[in-house]
Structure formats: structure tokens, C-alpha cells
Amino acid sequence: MKPTTVISFLGSTLDASKFGPSRWMKWRPSVGLCMHEDLRVDRFIMIHGSAHRRLAEYVSEDIASVSPETLVERHVIDFADAWDFEEVYGRLLDFARSQPLDPDVEDYLIHITTGTHVAQICLFLLTEAHYFPGRLLQTQPRRGAPNAAGTWSVIDLDLSRYDSIATRFASESAESTSFLKSGIETRNAAFNAMIDEIEQVASRTRAPILLMGPTGAGKSQLARRIFELKKLKRQVSGSFVEVNCATLRGDSAMSALFGHKKGAFTGAAADRPGLLRTADGGMLFLDEIGELGLDEQAMILRAIEDKRFLPVGADRETESDFQLIAGTNRDLAQCVADGTFRDDLYARLNLWTFALPRLAQRREDIAPNLDYELDRHAEREGERVTFNKEARERYLAFAMSGEAQWPGNFRDLAASVTRMATFSPKGRIDSEVVDTEVARLKRAWTGKQDSLDQLDGLLGKEALAGIDPFDRVQLAFVVETCRASRSLSDAGRRLFAASRTKRASTNDADRLRKYLARFGITWELVTG
């Protein structure tokens, strides 16, 4: 069995007692949890303030007397205001990060009986977020009879009844952060100014909002955050309904958006409310609105202005009071000029228009977004992954350089972080993982046109300079074929397709392996 470590605050009131035999008749949580036969505590990490140093020493001595095998480690953390959530959470987060906590080596129990209520809540949140990689531990006195040990129980963080605690804390703490930025400390001045404007518009008006920007710039996420902000302020009561207009084609587009009556067309076996009706009282996000047909655009305009529309096959109009956010990666003004987008709908949408920049235009925001993506990965997978210092610096140096193109914007960054986290099973992204990911991104972004340049990454400038131009072209083609093949043998069959038919016996894989070896490279290096 792995040794067990308890992380706990010293109870300045509960753990205190007068010296003498009578103290063993009193339940003291820090001492009591080391007295259980069914709970072995190998290490006790005790957190206390400078003012309680004497009590900490006193309690440590009593723990040693009842559990000699328990090693007590005392850590002093002083809070300027022990009831300030931000300060307590931040100091405990720094403490968690400073400790070499390895759940593969030890089991951790986070004791939340002692300490202030603020400290207990912060310990809960840090454990839920896996900064403390353990389980929550509660202790209490045994009822009905004096017992210094008391009772103990482990809390299952997966129980749904605890979700409301974290949700309520997140809602209240959102007031001190930029809600629309998901708490990301973005540094781009132009982007921050735009978010400030969106926050004011979202809070003060029900008019449509148009979000413009390339695919992957964050339009969908921002639209949902706008809805959540309005929901938090009780400005909407319904649902958030999102639809990608590029997926709506032909007759089905009208039905999906505006609904239909039973029997309106072949296959209409029942009434369908439609997305606009579903969004009643809430928010409708029409992503890629430039993909809608002209007929759908006309009906959308009427629905925005009059809150009424006619479902397919109906003879009576339906009402829906929704707020609209539209998204597009097209230049709608140009679409109006080309006749593919209605000028009256564009005029209605263009009251509040915000253009989201590309990630390549916000390189100073890559670092905070990197941390955000790691947090998202921890929430999805239940495992926190971090960079070591050198690896983080190496990745950011590439990501923030002009060499990094980021054509998919934040989707590219999110995918990159997911790959690195997946290939770091011990929870630590090192330089080797970063180098592999950077090489993968370069290959994906440069494409076949730059296959000659990729030899520099395989061989190095000095070795490449010693190869004749004729051989460089041939080697570049071989490398490109290897990377497009399923295996060494598959690549060999493609490269030696003509000559292999003239030989009595073939070993294409061996021929290819020997060819690569002439230049000091291997199949694994080429395809890694």
C-alpha cells in the first residue's frame, strides 16, 4: 500500500486545550485523526499562521505520542485577511504548486474540518481542480460518549450535491473578473477594449450583435459567454440555441429555423417548433449567417423586427421573443455588393458589429490562453498537466514567433495543447514533447511546397550543406512519401514500384532503410 499523507490546517480553537491528562478526553481533530486504527497517517502536513506556532508544536508532540510513525511537517502561511477569498485561494494555490505532490507515490487526504470557512472552501475548490491530487477528509466528534479520536469519512467529489458549491462560488467570483473572457488575463489592448465594449452592449441592449472574424477566432465561445452574462443578470430566461447556418441547405433550412406543421411536406409526420421558437425568451446564435439563402434572410429579418414568423405549411404566424447574435467569417458588406446578402438585414445587424482578430494578431495572448487550455484539459480529463519551465519557454518562443502561422486560430492552439497533454502521461510536458509538437505543426502548416525546407529539421544546416542539390530533391521526395505512407514497407513499395517488378526477390523496406541510413536518418525520425 502507498503511504498516506494528510494536508490540514491547524485548528486554532478546536485543536487547543490545556496541558494535562484531561486533554485526552477532548476531541481535537488534528490529534484525533491520527488515533484511528483503520486510518494510518504516514505524513501530516500542518498549515498554520505565525501566531499559532506554539500550538502547532504542542499538537505535533501529541500526534507523536499517539502515532510515532506519523511524520509531522509544519508550514507557516500568514494571510493579511483570512476572510478574503482571492487572497486565501491564491496563497493556497501557490502552496500546492510548491509541494512535490505525486499521487503515484502517495495517497493524499485533504482535511477540511479545521481552518476558517473560507479556507475550507478554497481547499475544496483546489482539490476539485486537482491542484491537490487527493480526496477530501472530514472528521467530527463521536456522539454520545467522550472519544478523543472521533470519527472520519472521505467525501466523494463526484457526488452531484457538491456541484452547487463550486457553481455558486464561480458565479460570485465572476463579478471581479472579466466574465466574457472566461477569466483569461488577455494582454492585447485592442482585444481588451473590444471586450469591454461588448460587455456594456450585452448588459444594456437587446439589439442584435454581429461577431465577425475567421474560423476558430472564438465567435461561438464569446456568444455563449454573452448569453451566460445576460442569464447571470436575469436579462434572459430561456435557452441558448446555436446553429451553424452552413449546415442548413434547401427546404430543410426553412423547417429547421422556422418549424413546420404536420403534413406540410412529405415526411412531416408531426409538428416541429423550429429553432427560432425554441429560443423564445433566450438567445439565438446564427453562426455563419452569410451562408443563409435570401428567402431565409428575409424571414429572419421579419422575426428580428416583429418577433413573428410563419412556420412551413402554417396559416397562422408564431411568436418568439429572442435575442440574436450572428457570426460570420465573410465580409458581409461585400456579400451585399455581390447580391448574396440582403442589404436590409445587414443594416439591421450592423448596429453592433465586432471583429475578432486572428490569433496571429494577438500573439501576446498566447501565454494566458495556453494556461486556459490546460485548465480545460484538466476539467475534461480529470487530470492536471503542466509544462516544465524549459518546455514552456521553448513552446512559447515558437508559438509567439512569426514562424507560427496559426491558420486555425484558437482551435489550432487547443488541439496542440491536447496533443501535448495526451503524450505526457506523467502530467509534465517536457522539451521532447514540445519539439515533437512544433515539428508536427510546421509539417501541417508548410505543406508539400516546403518539403525541401523540412530537410533542415531532419539533418541540420551543416549536414544539409554537404548534400548535392540533386540528392536533396530526391531525399525530399522520399521523406514526403514516407510521411504519406502507413508503414516502412508501404513506402518502399511506392518508391520502388517499377524496379521491384524486375527483381526475383524484393525487400523494399530494407532498401528504403539503407537509403535513409546513408543520410544518417531513420524511419522513426522521419515519421515521428
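This text goes through a predicted model, taking in turn a nonpolar core, a cavity, a helix and a strand residue.

The largest nonpolar core has 31 residues, and Leu276, Leu286 and Leu349 touch the most other members. Both helices and strands feed this core: two or more residues each come from strands S7 (209–212), S8 (240–244), S9 (283–287) and S12, and from helices H8 (251–258), H10 (294–306), H11 (332–338) and H12 (343–349). H8 gives the largest share, 5 residues. For a closer view of one member, take Leu349. Leaving aside residues up to four places away in sequence, Leu349 touches Pro208, Leu210, Ile289, Ile304, Leu324, Ala326 and Phe341.

Leu324 also appears in the lining of the largest cavity. The structure holds 1 cavity of 30 Å³ or more, and the space in the largest cavity is about 50 Å³. Its lining consists of Val201, Ala202, Thr205, Arg206, Ala207, Ile209, Ile226, Lys230, Met283, Gln323, Leu324 and Ile325. Helix H6 (189–204), helix H7 (219–232) and strand S12 (323–328) are the elements that give two or more residues to this lining, with S12 supplying the largest share, 3 residues. Sorted by class, the lining has 8 nonpolar, 2 polar and 2 charged residues.

H7 comes up again in the packing of helix H13. H13 covers residues 366–381, 16 residues in all, and spans 22 Å from its first C-alpha to its last, close to the 22 Å expected at 1.5 Å a residue. Its buried residues are Ile366, Ala367, Pro368, Asn369, Leu370, Tyr372, Glu373, Leu374, His377 and Ala378. In an α-helix there are 3.6 residues a turn, so residues three or four places apart point the same way. Among the buried positions of H13 are Leu370, Leu374, His377 and Ala378. The partners against which the buried residues of H13 pack are H7, strand S14 (386–387), helix H14 (389–399), helix H15 (410–422) and strand S15 (428–429). Just after H13, Gly382 has a positive phi of about 70°.

The last stop is Val72, in strand S3 (residues 71–76). Is Val72 buried or exposed? Val72 counts as partly exposed because its relative accessibility is 22%, whereas buried means under 20%. Not counting residues up to four places away in sequence, Val72 touches Phe44, Met46, Ser60 and Ile63. Val72 and Ala465 lie 62 Å apart in space, C-alpha to C-alpha, and 393 residues apart in sequence.

Definitions and conventions:
Residues are numbered from 1 along each chain as its sequence is written. This is a predicted model: local features need pLDDT of at least 70, side-chain atom pairs count only at pLDDT 80 or more; totals for chains, interfaces and linings use all residues. Side-chain values use heavy atoms; hydrogens and water are left out. On a 1 Å grid over the protein atoms alone, a cavity is a set of points where a 1.4 Å probe fits but cannot get out, and a pocket is an open set with protein on both sides within 12 Å along at least five of seven lines; lining residues have an atom within 4 Å of a point. Grid points are joined across faces, edges and corners, and a volume is the space filled by probe spheres set on the points. Helices (H or I, at least four residues) and strands (E, at least two) are DSSP runs, numbered from the N terminus. Ala, Val, Leu, Ile, Met, Phe, Trp, Tyr, Cys and Pro count as nonpolar, Asp, Glu, Lys and Arg as charged, and the others, Gly among them, as polar. The expected span of a helix is 1.5 Å times one less than its number of residues. Buried means under 20% relative accessible area, exposed over 50%, partly exposed in between (1.4 Å probe, protein chains only). Contact means heavy atoms within 4.5 Å. A nonpolar core is a set of buried Ala, Val, Leu, Ile, Met, Phe, Trp, Tyr and Cys residues joined through side-chain atoms within 4.5 Å.
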